[in-house]
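Got your viewer open? Grab the mouse, and let's take a walk through this chain one stop at a time.

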Amino acid sequence: MKPADFYTGMVADLYRPLRGSSESPEPYAEFVERYGGPALELGCGDGDPLVELRRRGLDVDGVDSSADMLERLRRRADAAGVPVTVFHQRMEALDLPRRYRAVFLAGPTFTLLPDDATALAALRGIRAHLTEDGTALVPLYVPEPTPLEQLGRPRTATAPDGAEIRVSVIAEERDETACTQTSVLRYERRHGTESGVLERPWLLHWYPSGVFEGLAAEAGLAVSAVTGPDGEPAAEGATELHFLLRVAG
Ligand SMILES: C[S@@+](CC[C@H](N)C(=O)[O-])C[C@H]1O[C@@H](n2cnc3c(N)ncnc32)[C@H](O)[C@@H]1O
């Protein structure tokens with residue numbers, strides 16, 4: 001299974017109920033308002049924050065590699081009476097009809113790209129779809145290993161249809177040279193006498209200091225600022241960094 005296909009089938013079904021609350025749309029609304037539309041969200045999934053940004057009247061399109069997540073996004077948008085334009089594509093093979101003044105990922109979805117070559121292809125796609133005065137926002141983080149005592153311990157929730165659902169990390173491998181961590185996630189769903197189980201590898205790839213900046217430069221992008229998730233200068237030891245990229249001069 002390709003990493004870009006992780007959020008399909010049962011994983012897409014259980015994503016929202018297991019996640020519980022939604023992240024605040026504010027940082028992304030502020031980003032689009034500040035740098036201007038049209039805007040593009042990469043890895044828009046089932047619609048957070050894209051549907052809310054569209055509801056506020058912001059001109060934002062979406063891209064995701066999972067048709068199942070996009071199907072859920074369209075249903076949520078229809079229910080809210082909000083028109084959306086979304087594309088079923090991989091961010092490392094972007095080919096869209098518009099250029100954008102603002103391109104962003106909401107949260108560190110870029111770490112789902114499995115290696116530097118795929119990341120470079122995605123950055124080249126971002127560069128090709130930005131207007132000359134455009135800005136991109138790429139949040140990144142270095143994942144922590146799952147503590148040993150947490151392995152096999154499920155997080156549980158109840159789905160809207162009443163099913164009992166669970167997810168747990170059952171195994172994990174970390175490669176400090178390749179900068180990857182692969183966790184085997186076990187999803188379980190039980191509803192009355194029916195039950196289903198799915199185990200799937202979830203790969204995260206991170207960037208040692210300077211590597212992301214080098215890939216961006218190779219793609220024709222320059223880092224103009226690095227902030228914390230709140231848009232303020234990144235604090236010492238911050239776990240999530242937001243990279244702002246401009247077209248290199
Ligand atoms: C963690 S989810 C976040 C979705 C959404 N932003 C949210 O917060 O609800 C990550 C999304 O990125 C998508 N994704 C993963 N790899 C991708 C790729 N290479 N290109 C485009 N989308 C990708 C997945 O299908 C999934 O919908």
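Here is a tour that goes from the whole chain down to single residues.

**Stop 1: the whole chain**

Start zoomed out, and keep in mind that this is a predicted model. Show the cartoon and you'll find six helices and 11 strands. Now turn the chain around: its C-alpha trace spans about 60 × 45 × 30 Å along the principal axes. How does the radius of gyration fit a compact globule? For 249 residues such a globule would have a value near 18 Å, and this chain has 18 Å, so the two agree. Contacts tell you something about the fold too: of those with a separation of 6 or more, 66% are between residues 24 or more positions apart.

**Stop 2: the core**

Next, colour by burial. Buried residues make up 32% of the 249 in the chain. In soluble globular proteins, nonpolar side chains tend to be buried together. Here the largest nonpolar core has 48 residues, and those touching the most other members are V32, A39, L73, A102, V103, F104 and A136. Pick A39 and look beyond its neighbours within four places in sequence: its contacts are V32, L58, D59, V60, Y100, R101, A102 and F104.

**Stop 3: the ligand**

Select the ligand and the 20 residues around it; Y7, G43, G45, S65 and S66 come nearest. What kinds of residues form this shell? Nine are nonpolar, six are polar and five are charged.

**Stop 4: helix α5**

Select residues 116-129, which make up helix α5. You can check its length yourself: at 1.5 Å a residue, its 14 residues should span 20 Å, and the end C-alpha atoms are indeed 20 Å apart. Which residues of α5 are buried? They are A119, A122, L123, G125, I126, R127 and H129. An α-helix has 3.6 residues a turn, so residues three or four places apart point the same way. To see what covers the buried residues of α5, switch on its surroundings, including β1 (39-42), β4 (100-104), β5 (130-141), α6 (211-218), β10 (221-227) and β11 (240-247).

**Stop 5: two partly exposed helix residues**

From α5, hop over to E218 in helix α6. E218 and G125 are 93 residues apart in sequence, yet 12 Å apart in space, C-alpha to C-alpha. E218 is partly exposed because it has 14 other C-beta atoms within 10 Å.

Then find A29, in helix α2 (residues 26-35). A29 has 16 C-beta neighbours inside 10 Å, so A29 counts as partly exposed. Leaving out neighbours within four places in sequence, A29 is in contact with L53, R56 and L58. Try the distance tool from A29 to H129: they are 100 residues apart in sequence and 20 Å apart in space, C-alpha to C-alpha.

**Stop 6: backbone oddities**

Last stop! Most residues other than glycine have a negative phi, and most peptide bonds are trans. Now for some exceptions. Zoom in on P38, in the loop between α2 and β1; the peptide bond from G37 to P38 is cis, with omega near 0°. Move on to P49, in the loop between β1 and α3 (50-55), where the bond from D48 to P49 is cis too, with omega near 5°.

Finish at C179, in the loop between β7 (164-175) and β8 (180-191). Its phi is near 60°, a positive value in a residue other than glycine. Is C179 buried or partly exposed? With 18 C-beta neighbours inside 10 Å, C179 counts as partly exposed.

Methods: Residues numbered from 1 in each chain as written. Predicted model: local features only at pLDDT ≥ 70, side-chain atom pairs only at ≥ 80, totals over all residues. Near = placed C-beta within 6 Å. Nonpolar A, V, L, I, M, F, W, Y, C, P; charged D, E, K, R; others polar. Helix = DSSP H or I, 4+ residues; strand = E, 2+ residues; numbered from the N terminus. Expected span 1.5 Å × (residues − 1). Buried ≥ 20, exposed ≤ 12 C-beta atoms within 10 Å, placed from the backbone. Contact = placed C-beta atoms within 7 Å. Rg over C-alpha atoms; globule rule 2.2 N^0.38 Å. Core = buried A, V, L, I, M, F, W, Y, C linked by C-beta atoms within 7 Å.
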